[in-house]
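The following exercises are to be worked with the sequence and the coordinates at hand. Each task is followed by a solution in steps.

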Amino acid sequence: KRADIYKLFEYYQEYLKQQRYNNLFDECDLLHSLHQRLSKLEDLGWSIHHFFIDEVQDFTQAELALFVRTCRDPNGLFLTGDSAQSIMRGIAFRFSDARTIFYEMQELTRDREDVTEVHTPTISQLTINFRSHTGILNLASSVIDLLKMYFSSSFDYYHNGDQGMFVGPMPVLLHTCVASDLALLLRGNKREKSQIEFGAHQAIIVQSESAKSQIPEELQGAIVLTVFESKGLEFDDVLLYNFFNDSVVDKEWRVVSEFLKRNSDLVKNNNKVFQQPRPLEFDELQHKSLNSELKYLYTAITRAKCNLWIYDCNEHKRLPLFDYWLKRDLVKVVTLNESITNEEMLFNHAFNPEEWRKQGDYFTKK
């Protein structure tokens, strides 16, 4: 309840007051102090005319307002981002909300002749995706459909989704629950090798830091990142590992089956590879945590440029999404009895020291 949350906030503020002699403060205190000090300045002591901000969905409105106030030209901000990738804890970003910062600044400075007139910026949608092909984008779009249905007020949705520049292979669902079988599937026809060789442009993405320690021996040596760490990066090949098993939600995933039940026109494949999950009626209050999990999933999927593999050891938790994607004919299901014959789709790549060195330089600059 809101009242209970506010009580926790008051306890936290009281704790900070008691620890002032240790100079304890948080980011909100810092922002408040900066805004207060700026309000007392008659003139800025610096000349910054433009800010170019990427991944803007990671900023709070207070932080964005700080950029407006510290820029000589408050109209000189260029903001880019994707509100469907707003996975920073405590931040619910929408471009439509960000525009209110400029509107409020406009109202505050309306009668001041010494201040540049502030204009409310327009929002432009970038519809062409130059990173991923249509196979990956279609899967990502299926997650956006869920966000639009259940959490439409939490992100900016535009009718024209991302359009890919070229076609590509469907993402692959690895239909096994055993890590040793996973290694065999990823090696494809190269099963004589005991260790998988990883390319510098391949990555394994997991839910959390603790999930990193659960990576099996066969997959060690790869670039392993959490969803949060991978944001803003891109890889040729991505293995999404145990996303649903390590998810903070459980039965809530069955809401996806209810969505598909209500939108039967989306079903293009009636091949019953998986058991039929039991639908769960969506409850706005009880299923709020599903919002952030769907955004995490969308962010992870869109890290891949060419190939995406999805493995999960938890058959119960993965079932609603696996079934959803299969029925929408968005994925290819691979079992242990099958071989991935397309060499380009294999996760097993020859080790190239020069590529790894270049990738190391790339990460250093990031």
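The model is predicted. The buried residues of helix H3 pack against helix H2, strand E1 (51-53), strand E2 (77-79) and helix H4 (95-108).

**Exercise 1.** Determine which residues of H3 are buried.

*Solution.* The criterion for burial is a relative accessible area under 20%. In H3, Glu63, Leu64, Ala65, Leu66, Val68 and Thr70 are buried. The elements against which these buried residues pack include H2 and H4.

**Exercise 2.** Describe the packing of H2 on H3: what is the crossing angle, and which residues meet?

*Solution.* Step 1: geometry. Two packed helices are described by the angle between their axes and the distance between the axes. Here the axes of H2 (residues 27-39) and H3 (residues 61-70) come within 10 Å, and they cross at roughly 25 degrees. Angles under 35 degrees count as roughly parallel, and H2 is therefore roughly parallel to H3.

Step 2: handedness. The crossing in which H2 passes H3 is left-handed.

Step 3: residues. From H2, the contact involves Glu27, Leu31, Leu34, His35, Leu38 and Ser39. These meet Ala62, Glu63, Ala65, Leu66, Arg69 and Thr70 of H3. By class, six residues of this contact are nonpolar, three are polar and three are charged.

**Exercise 3.** Establish the strand order of the six-stranded sheet, and find the helix H10 that packs on it.

*Solution.* Step 1: order. The six strands form an open sheet with parallel pairing, in the order E7-E6-E8-E9-E5-E10. Strand E7 (223-226) and strand E10 (332-334) are the edge strands, each pairing on one side only.

Step 2: twist. With direction ignored, neighbouring strands of this sheet are turned by 25 degrees against each other on average.

Step 3: one pair. Strand E6 (residues 202-206) pairs with strand E8 (residues 235-241) in the parallel sense, over four bridges. Isoleucine 204 stands opposite leucine 239 in E8.

Step 4: the helix. Helix H10 (residues 289-301) packs on the sheet and touches E6, E8 and strand E9 (304-311). The direction of H10 makes about 130 degrees with that of E9.

**Exercise 4.** Locate serine 154 and decide whether serine 154 counts as buried or exposed.

*Solution.* Step 1: position. Serine 154 lies in the loop between helix H5 (134-150) and strand E4 (163-164).

Step 2: accessibility. Because its relative accessibility is 12%, serine 154 counts as buried.

Step 3: surroundings. Leaving aside neighbours within four places in sequence, serine 154 is in contact with Phe93, Arg94, Asn291 and Lys295.

Terms used:
Residues numbered from 1 in each chain as written. Predicted model: local features only at pLDDT ≥ 70, side-chain atom pairs only at ≥ 80, totals over all residues. Heavy atoms only, no water. Axes fitted to C-alpha atoms, helices over the stretch in contact; angles between N-to-C directions. Helix = DSSP H or I, 4+ residues; strand = E, 2+ residues; numbered from the N terminus. Parallel < 35°, antiparallel > 145°, perpendicular 65-115°, else oblique. Left-handed = near helix turned anticlockwise from the far one by under 90°. Contact = heavy atoms within 4.5 Å. Nonpolar A, V, L, I, M, F, W, Y, C, P; charged D, E, K, R; others polar. Buried < 20%, exposed > 50% of the residue type's maximum accessible area, 1.4 Å probe, protein only. Pairing = 2+ DSSP bridges.
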